[in-house]
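These notebook entries record what I looked up in the structure shown below. I kept each entry short and restricted it to one topic.

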Amino acid sequence: MQLMKSALVALAVCASTVTSQAAEVKIGVAAALSGLAAQYGAAIRNGFELAAEEINAAGGVNGNTIRLVVEDEQGKKEEAINVYKKLIFQDKVLLIFGPTLSNSASAANPIAQASKTPVFGTSNTADGITAVGNYIFRNSVTEADVLPVTIRKVVEKEGVKKVAVLYGNDDVFTKSGYDNFAKALKDQNIPVTTTETFAKGDVDFKAQLTKIKASGPDAVVLSALLAEGAPILVQARQLGIDLPFIGGNGVNSVKIFELAKGASDNLWVGSPWSASNDTPENAKFIAAYTKKYGFAPDQFAAQTYDALHIVAEALRKVEVSGDIARDRAALRDALPDVSWTGATGPFRFRQALDKAGKPAGYDADQEPIISVTKNGVYEIVK
């Protein structure tokens, strides 16, 4: 009888050990899976799911399984706030990825900072996102880092001497893009022939494009999301504007070939990722993604895929205790030191500053790749 009791105690201890070692780590994903930003959200979710499957199939992180808790924030500020509250206080996730748009991030990230929950943006490139505080991270390279390099390359390759500017003036991302375009153009002494604006939901851009054509630019600078960017390209080509378009992060998606079919050539963009970037890590990602989903990935899928691997690397240095506040703080402390080479190339974080010039969150420290669209693909420009 004593021997049986000892065996039962041993089994209980073993089971307890296995249970403690094989915890389930909940990671929140706030993505726009419906609405106008769903073109980005679907790819974002796919990238996370592929990475989670790979990590879990390889034994998880320190024996722990990653479970994604995915919520649709619809590309709306109000929904992003609601989703953050649910993920933080109800689901008690360790970290939140998202939201999709910079507009939503500006509204929701302060909630995460106040509750000391790490947030990791994979598609927010507007200024000020990480200035909120030290719990805010992103691996999406900022427009401030990318746009000057993109302009410089177009000037070099296309002999551009003057440009027209077209941007959305009622969105944090597109307005930030405009501000960074304007600064880069001024810094590089490139004259602007005219500056035109549009609003979310607009479908007719012929008036602005007619003014742009009449102003005689060598290229058009465009700060827009896909919903407006694609029809702008179509209508521009219809009006005979066959100039280079210099775009930001918002139009850097393979969806542009579908949404602006026949009118997507000669669009110049900068990004840390390109389908044409021939590295072993990128080739592996593209092959796995294409096999799983039946179509090619885009920048947004690549950045989410890398982002989960970056978080997994940080988690390897964290002993998950079950105390959510303690574990969130430990993960926040581990993230800044992570270096990772993935689909988007070598990655590390760079600390950002708040409005007072004090250390805040963390931005991506990566070099952009400049590409131009041609015959339905993005070609890297050397």
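**Notebook: a buried serine, a sheet and its helices**

I began with Ser271, which is buried, with a relative accessible area of 2%. The model I consulted is a predicted one. I located Ser271 in strand β10, which covers residues 267-271. I then looked for its contacts, leaving out residues up to four places away in sequence, and found Val146, Asn252, Gln299, Gln303, Pro368 and Ile369. With Asn252 I also noted a polar contact of 3.5 Å between the two side chains.

**Entry on the sheet**

I next asked in what order the strands of the open sheet stand. The 7 strands follow the order β7-β6-β8-β9-β10-β14-β15, and the pairing is mixed. I noted that β7 (192-198) and β15 (377-380) are at the edges; each has a single partner strand, so one side of each lacks a neighbour in the sheet. On average, I found neighbouring strands turned by 25° against each other, with direction ignored.

I examined one pair in detail. Strands β6 (residues 163-168) and β8 (residues 219-223) run parallel and are joined by 5 bridges. In this pair, I recorded Ser223 of β8 as the bridge partner of Tyr167.

**Entry on the helices across the sheet**

I turned to α5, which lies across β9, β10 and β14 and runs at about 140° to β10. Val146, which I had met as a contact of Ser271, is one of the buried residues of α5. The others I listed are Glu143, Leu147, Pro148, Thr150, Ile151, Lys153 and Val154. I asked what covers these buried residues. The cover includes α6 (172-187), β9, β10 and β14 (369-374).

I also checked the length of α5 (residues 143-158). At 1.5 Å a residue, its 16 residues should span 22 Å, and the end C-alpha atoms are 21 Å apart, which agrees. Just after α5, I found Gly159 with a positive phi of about 65°.

Helix α7 (residues 206-215) was my next subject; I found that α7 lies across β6, β7 and β8, at about 175° to β7.

**Entry on a loop residue**

I then asked whether Leu239 is buried, exposed or partly exposed. Its relative accessibility is 25%, so I entered Leu239 as partly exposed. I placed Leu239 in the loop between α8 (226-238) and β9 (245-247). Leaving aside residues up to four places away in sequence, Leu239 touches Lys206, Leu209, Thr210 and Lys213. Leu239 and Leu209 are 30 residues apart along the chain, yet I found their C-alpha atoms separated by 7.8 Å.

**Entry on the nonpolar cores**

I looked up the largest nonpolar core and found 76 residues in it. Those with the most contacts inside this core are Phe97, Phe120, Phe245, Ile256, Phe285, Leu308 and Leu335. Its largest share, 11 residues, comes from helix α11 (residues 299-315). Apart from this core I noted another, of 18 residues, among them Val160, Val163, Trp268 and Val381.

I followed Phe120 further. Beyond its neighbours within four places in sequence, its contacts include Leu95, Phe97, Phe137, Ala307, Leu335 and Phe349.

**Entry on α2**

I closed with helix α2 (residues 38-57), whose 20 residues reach 28 Å from first C-alpha to last, close to the 28 Å expected at 1.5 Å a residue. Just after α2, I recorded a positive phi of about 105° at Gly59.

How values were computed:
Residues are numbered from 1 along each chain as its sequence is written. This is a predicted model: local features need pLDDT of at least 70, side-chain atom pairs count only at pLDDT 80 or more; totals for chains, interfaces and linings use all residues. Side-chain values use heavy atoms; hydrogens and water are left out. Helices (H or I, at least four residues) and strands (E, at least two) are DSSP runs, numbered from the N terminus. Buried means under 20% relative accessible area, exposed over 50%, partly exposed in between (1.4 Å probe, protein chains only). Contact means heavy atoms within 4.5 Å. A polar contact is a pair of N or O atoms within 3.5 Å; within protein, one must be able to donate a hydrogen and the other to accept it, and residues adjacent in sequence count only if both atoms are side-chain atoms. The expected span of a helix is 1.5 Å times one less than its number of residues. Two strands pair if DSSP finds at least two bridges between them. Axes are lines fitted to C-alpha atoms, for helices over the stretch in contact, and angles run from 0 to 180 degrees between N-to-C directions. A nonpolar core is a set of buried Ala, Val, Leu, Ile, Met, Phe, Trp, Tyr and Cys residues joined through side-chain atoms within 4.5 Å.
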